[in-house]
Amino acid sequence: MHITANRLNFEVQKPTQIGNLSIFPLTSKLQSKKGEKYLFLDDALNQKLADVSEVSEKPELDFFRKLKVVNKSSQGLLILGGEQIIGHQLRQNRIVSYSVLIPANSSAIVKVNCGEKKRWSPRVNNEISISKFLYFSRANLDRQFKIWSDISRKLKDYQIKTFTQSIQEIYKKTEANNDRAINFQPGTYDIGLAIGSNNKIRSVDFFESPYILKKYFKKIIRSASLNNGFVKSKYKSHLKEQDVHNFLEESSKRIYKSEEETLGSRIEFYGQSINGSALLNENNIVHCSIFMEDKVVKDPERLYDAA
C-alpha cells in the first residue's frame with residue numbers, strides 16, 4: 001500500500017492557524033457520500049446499542065489490555081484508536097489501541113491501554129462514557145510504559161494531583177479553553193486533517209468520508225492541542241502544503257505488516273520518523289492515522305517526549 005495524496009484522491013488545502021497549530025484540511029469530492037453506514041461508540045452507548053465490559057475479573061497476564069465490546073445494532077460499530085472509555089463500570093479507564101470496526105450484531109475483544117495507572121477497583125455502578133478528547137499522544141498508543149510516563153509528565157506540567165493518575169483530570173482542566181479556541185469547521189468535502197506545529201507536520205488523519213471527520217475533528221484538534229498548545233506562537237509558521245505531501249511520502253516507505261482484525265484489515269506503519277496504522281474495509285480506508293515519531297530521551301526520573 002503506497003500512501004500518497006494523489007493515490008488517495010484527496011487534495012491538501014492551505015492551512016488554518018489556531019495558536020501554535022497549523023491545520024491543513026484534506027479534501028476529496030470522490031469520497032463525499034461514503035461512511036454514513038457506521039455507528040460511533042459514544043452514540044451506541046447513549047442509545048443502549050453497545051455494551052463494554054472487562055474480559056476477566058481476575059488478574060491475568062495482560063488482563064488490563066483487553067475489553068469486550070458488544071455491538072447490538074444493525075450497523076458496523078467504528079471505534080477510533082485513542083478513544084478513551086471511562087467510568088466505574090470498568091475497573092479502570094482505558095485507551096483504545098487502534099481503530100477497529102465491529103460487525104453488526106456481534107462482539108469483539110478490543111485491545112486497549114491503561115489510562116489510569118493507580119486504579120483497579122471493583123465495578124461500583126453502570127457509569128460508562130467516552131471522553132471528549134482522544135488520547136493526547138496517539139503516536140504512543142500500544143506502548144503502555146510510555147503512556148504512563150506521558151500522563152505523569154502532563155499531570156506535573158499542569159500541577160494536577162490525582163490519586164489514580166487519571167488523564168481525565170487534565171482534560172477537565174483544559175476542556176473549556178480548548179473549546180473556545182477551536183474556531184475551525186471542516187468543509188463539505190473535507191475527509192481529513194494534517195496538523196503541524198513548530199514547523200513540523202505532527203499528524204495526519206483521514207477518513208472514508210466527511211461524515212466521519214465531522215464526528216471526530218474536534219477530538220483530533222483537542223488531542224493535538226495538549227501536545228502542541230493553542231498558545232500563540234512567537235514565530236511564524238512556514239509549513240506549506242508540500243510538507244504534508246512529504247510527510248505522506250515518508251509514510252509510504254514504512255509499511256511494516258498487515259493483519260486481519262474484527263472487520264476488514266489493519267496495516268501498520270513503522271519507521272525512525274513516523275508510525276501509524278490504517279483500517280481498511282471493502283478496499284476503502286475507513287481511518288488512517290500517521291504520526292511523527294516521538295524522540296524518547298533518557299532521564300534519571302522518566303522517559304519523555306523531547307520533540
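Here are some short exercises with worked solutions on this predicted model.

**Exercise 1. Find which residues have the most contacts inside the largest nonpolar core, and which elements give two or more residues to that core.**

Step 1. Start with the size: the largest nonpolar core has 23 residues.

Step 2. Pick out the residues with the most contacts inside this core: Ile23, Leu78, Leu193 and Ile221.

Step 3. Now look for the contributors. Strands S3 (21-27), S4 (38-40) and S13 (190-197), along with helix H4 (210-228), each give two or more residues to the core. The largest share, seven residues, comes from H4.

Step 4. Don't stop there, though. Apart from this core lies another one of 22 residues, including Leu26, Phe247, Leu280 and Ile285.

**Exercise 2. Work out which parts of the chain are linked by the salt bridges of Lys215 and Lys219.**

Step 1. Get the overall count first: the structure holds 15 salt bridges.

Step 2. Take Lys215. Its salt bridge partner is Asp42, and the closest N and O atoms of the two are 3.0 Å apart. Lys215 sits in helix H4 and Asp42 in helix H1, so this pair ties together parts that are 173 residues apart in sequence.

Step 3. Move on to Lys219, which forms a salt bridge with Glu83, with 2.8 Å between the closest N and O atoms. Here the link runs from helix H4, home of Lys219, to the loop between strand S7 (76-79) and strand S8 (84-86), where Glu83 is found, and the two residues are 136 apart.

Step 4. Check how accessible these residues are. Lys215 is partly exposed, with a relative accessible area of 26%. Lys219, at 9%, counts as buried, and Glu83 is buried too, at 1%.

**Exercise 3. Decide whether Glu116 and Arg119 are buried or exposed, and then find the network that includes Lys215.**

Step 1. Look at the pair itself: Glu116 and Arg119 form a salt bridge, their closest N and O atoms being 2.8 Å apart.

Step 2. Use the cut-off: buried means under 20% relative accessible area. Glu116 has 6%, so Glu116 counts as buried. Arg119 has 8%, so Arg119 counts as buried as well.

Step 3. Now for the network. Salt bridges that share partners join Asp42, Asp43 and Lys215 into one network.

**Exercise 4. Trace the order of the open sheet of six strands and say which strands stand at its edges.**

Step 1. Read off the order: S5-S6-S11-S9-S8-S12, with antiparallel pairing.

Step 2. Look at the ends. S5 and strand S12 (129-130) are the edge strands; each has a single partner strand, so one side of each is left without a neighbour in the sheet.

Step 3. Follow some of the pairings. S5 and S6 are antiparallel and share five bridges, and Ala50 has Asn71 in S6 as its bridge partner. S6 is joined to strand S11 (residues 106-114) by six bridges, with Lys68 partnered by Ile109 in S11. Two bridges join S8 to strand S9 (residues 94-96), where Gln84 stands opposite Ile95.

Step 4. Add the helix. H2 (residues 144-157) lies across S9 and S11, and runs at about 55° to S11.

**Exercise 5. Sort the side chains of strand S6 (residues 66-71) by the face they point to.**

Step 1. Go along the strand and you'll see the side chains alternate.

Step 2. Put Leu67, Val69 and Asn71 on one face; these are buried.

Step 3. Put Lys66, Lys68 and Val70 on the other face; these are not buried.

**Exercise 6. Locate Lys48 and Asn199, and find what phi is in each.**

Step 1. Recall the usual case: most residues other than glycine have a negative phi.

Step 2. Check Lys48. Its phi is near 60°, a positive value. Lys48 is in the loop between helix H1 (41-46) and strand S5 (50-54), and at 64% relative accessibility it counts as exposed.

Step 3. Check Asn199. Here, too, phi is near 60°, a positive value. Asn199 lies in the loop between S13 and strand S14 (200-207), and with 37% relative accessibility it counts as partly exposed.

Methods. Residues numbered from 1 in each chain as written. Predicted model: local features only at pLDDT ≥ 70, side-chain atom pairs only at ≥ 80, totals over all residues. Heavy atoms only, no water. Core = buried A, V, L, I, M, F, W, Y, C linked by side-chain atoms within 4.5 Å. Buried < 20%, exposed > 50% of the residue type's maximum accessible area, 1.4 Å probe, protein only. Helix = DSSP H or I, 4+ residues; strand = E, 2+ residues; numbered from the N terminus. Salt bridge = Lys/Arg side-chain N within 4 Å of Asp/Glu carboxyl O. Pairing = 2+ DSSP bridges. Contact = heavy atoms within 4.5 Å. Axes fitted to C-alpha atoms, helices over the stretch in contact; angles between N-to-C directions.
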